[in-house]
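Open your viewer and get ready to select a few things with me. We will go stop by stop.

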Amino acid sequence: MKVLACYNIKGGVGKTAATVNLAHDSARQGARTLIWDLDPQGASSFYFRVKPKVKGGFKRLLMRKGRPENAIRGTDYEGLDLIPADFSARHMDITFDRTRKPTRKLKRLIKRLAKEYDVLFLDCAPSIGVGSEALFDVVDALIVPTIPTTLSVNTLRQLKKHLKGRRGRAPLVLPFFSMVDGRKAMHRKICKHPEDLAYEPLRARIPYASTVEKMGVHRAPVWAFAAGSKPAKAYARLGKEIREELE
Amino acid sequence: MSAAGHGGSKAGRRKHGERLYALVTKRAGSQAIKTLQAAFTHRVEAVPAVTRSYHDTFDRRLGRADSILCVLEARGERELRLETLTGDLQRRLVTKAPPAFAADLPRGPFRDALEPLVGIRKLLPQAKVVGTARRLCVLSKGGKTTVRVALESWRARGAGATTPELLLLRVTPVRGYAKPARAVVRILEKQLALEALPATALAQMLGLDLPDEGTTRGWPPPIEAGMRADEAARVIYRGLLATMRANEAGTRARTDPEFLHEYRVALRRTRAGLSRLKGLFPQRTTDRFKRDFAWLGAVTGPVRDMDVQLLEIPSYEADIGKKDSAQLQPLVAWVTAEGERAQRALVAALDSARYERLMKAWSAFLEKPAPARTRQPDAARPVEDLARERIWKLHRRIVRHGLAIDADTPAEAVHAVRLDAKKLRYLMEFFRRVFPAKAIKSQIAALKRLQEVLGRFNDFEVQQDKLKHAAASLSDDGKLPLEGVLVMGQLVETLRRRQDEARAEIEGRVAGFATPANLERAARLFAPRAQEQSA
C-alpha cells in the first residue's frame, strides 16, 4: 500500500481539495483507496457527507485493541472509503507526544489497513509538530499543494530544511502549484520559474476556480459534478503524475 | 455497487455483503421499491442500459479462484471489474478496450491482481447480460448514501438466443452503515416475505461456476491391473482421441494457443504409445496410423512454433531492455504473419478428407472390442506386465545413456536422452493407475526434474534456431534494419549462454535421477517379476 500525505505547514492551500479529488481519481483508476481525515476540522469528511466522529476518538485508533476497520465508512463512490475526522485529532501532537513509540504504532495501523487498500491518503492538518514527525516516518510521499506566492515558496524551503535536519528516512516530496490564478503577475512569475523552488514541482497545476469551491455546495469531488471541467482534468493529470513518480 | 466488496477477509465479506432477491413479477419489484421509499429518506437514480459481459479463460482459471472478470458498459463508459463469484468487487479499472490478455492491461493494481490468476491465457467471453436498473439510495440525515437498493432486470444473451427477463432486487450496504441496511432487509424479508438468494445464485444462473474438467479427457487413463494389454491400450488411445476432438474447435478458431497445445500433447502421446507399445496390434495397422499421425504432427507443428515464439516475446523484451524493445517489432510482425499463414494450412489440413478418414478409422479401430484370439505376442498379457517391461527397458536405457553424458557429448546424444525421457514419462502416465499411487508419483517427480533441465537445454537451442531463421528471412526481404540484426544477435547470444548453463546442469541432474536409492525404488516398481526373482 502506498501512503500519501497531503501536507503543508501553511493552511488554506487546497490540501483537502487535493486529498478528496486525488483519492477519488485513484479509486476511479481502480486502486482500492482509503482517506484518513486527520484534520480536526473534518473537511474531507464533510465533502463525503460522513459524520466526523470516530468511536473512542483518535487515540483509540492507534491502540492495539482499537479496530480501525470499524471506523471505516464507505463513501458514495465505489472503491473509495474514509476514516472520518474526529475532533479529538486536534490533540494529535499531544497524543503522539504521550504515546510511546508513535511511529511503530502508526506502522502497525497502516499494515492493518494495507490488507484491504492499495492507497492511503492522509489529509493532514496544517502544522509541524510531534504528530507530523511521526507521519514523515511512515509516508511514501508528501504531496504539498503550493500557492505560487513568496510566502508559500518560503514554507517549502522551511520544509526542506526541516526534513534535512531530522533523523530517519526522508519521504519523497512532491509539491504542485495549487490555486493558480493566471491574472496575478506573481503567480505567473513563480510558475514560470519552478526551478527556484526547494523541490521540483509536478507539472500539473490546479487552477484557482469556483468549481473547486463548489465542492462544498455539492459535497462531492469535482469529477462527480463537473467531470469535464478544467480542475477535474487537472486533478486527473496530477494523479497520473504522482502514480508515475511512485513507480 | 459499493464499498461492500472491498473487504478482503471472509469475515468482512459476510459483514458488509450484499443480498440478492429474485422477483417473480414486475409488480412485486415496484411494490418493494415503493415500500422502501415510504420508509426511508432516499434518492432515486435511473441506471441506463448496462451490459455486463463475463470473461474467463477457456479452462476457467478465474472461476476456479472464485473470481470472474466482468466488463461493464454503461453511458458509453467501460469498466473492468474483477469480482468474486458472489458478486463482491475486488478490483476495478476504467478502460477503453477490454483486454484479450492480462498483459494488454496497463501496469497497476488491476493487472497485478488479474495476471497471476490467468497467466498467459486468453480471456474469452463466457456469458453476457443486458439490463436496466432503477436504484434507490437510502440516505442518512446528512444526505449520505447508506444503502443502495437496485431493481434490476436482466436478460442473458448467449449465441443468438436471449433468455426470459430476470428480475432481481439487489441490496448493497455501504461499509460502516450496517444499521440502515438491516432495516431495509427487515422490511424486505419480514414485511414483504422475500427470501434472499444464495450468494452464488447469479453465477449459477449464468453458468459461471461450472466446474471445468479441463480439455484433457480421461487422464490418467482409467485402466486397472489385470486388464488385457491390448484392451488397456485402446482405453488409453480413446481418451487421447477424445482430448484431440475436444480441442479441435479451439484449434481451428485459435482463440487461445492452449487448444492447439493440448491437441498436440494428446497427439504426441498417441504417437509415443504407438511406437513404444508394440506387439499389441497388427503391424500393418500400427504402421498406417503412425504414418498418418506423423503427418498430423507435421501440419500442426508450425502454428505451435509461432505461438511459442509469440509467448517468448515478453522475455526477449526483458532481456534486451526497454530501450531496444522496439527493434523486436519486425520479429513480432513476422511471427504473427507466419503464424497466420501456418494456421490457414492447419485449418485446411483439419478440413481435408485425409484427416476425416484418419479420425474415423482410428475411432472405429478403438471402438472394436479386443479379439478373443490374437496372434499378437503381447496383446493378451496382463497390462501391468507389459507396463513394467516397457517402462523398465526405457528406464535403464535413460540411465545408461544419461550417465554417459559429459562435457564432450554431442548435443544430438543429449536430445536422444531427452526424447527417451519424454516417452518414459508418457508410459509412466499411461499406466499410472496400475502402480501404487505414492510410488509412481515419486518416480514421475524424479523423472520430471531430469526432464526439466533437458527441456530447457533443448528450448534454448530451438529458440536460437527460430530466431536465426526469422532474422534470415526478414533480412532477405530487407525488413530488418541493422539495429534489429544486432538486437537479434544479442538475443541469440543470451540464449546460447543460457543453453550452456543448462548444459552444465545436466550431469548433476542425471546423477540425481540415477542415485542408488532411486534406482532401487524404480527396480522394485518396474523390474519384471521374473528378472527380480532371478536377481
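Over which residues of chain B does pLDDT stay under 50? Select residues 1-15 of chain B: that is where pLDDT, the predictor's confidence in each residue from 0 to 100, stays under 50. The model has 38 contacts beyond four places in sequence for this stretch; two residues are in contact if their C-beta atoms, placed from the backbone, lie within 7 Å. Next, select residues 531-535 of chain B, where the pLDDT is also below 50 and the model has one contact beyond near neighbours in sequence. Where pLDDT is low, the predicted coordinates should not be read in detail.

A note on reading the picture: this is a predicted model, in which local features need pLDDT of at least 70 and side-chain atom pairs count only at pLDDT 80 or more, while totals for chains, interfaces and linings use all residues. Residues are numbered from 1 along each chain as its sequence is written, and chains are lettered from A in the order in which they are written.

Now show the whole of chain B. Its mean pLDDT is 86, and 93% of its residues reach 70 or more. Of its 535 residues, 32% count as buried, meaning that 20 or more other C-beta atoms lie within 10 Å of a residue's own.

For the next stop, select Ala5(A), Phe121(A), Leu122(A) and Val139(A). Within the largest nonpolar core, which has 72 residues, these touch the most other members. A nonpolar core is a set of buried Ala, Val, Leu, Ile, Met, Phe, Trp, Tyr and Cys residues joined through C-beta atoms within 7 Å. Finally, find another core apart from it, of 62 residues, including Ile236(B) and Phe457(B).

Technical notes
Buried ≥ 20, exposed ≤ 12 C-beta atoms within 10 Å, placed from the backbone.
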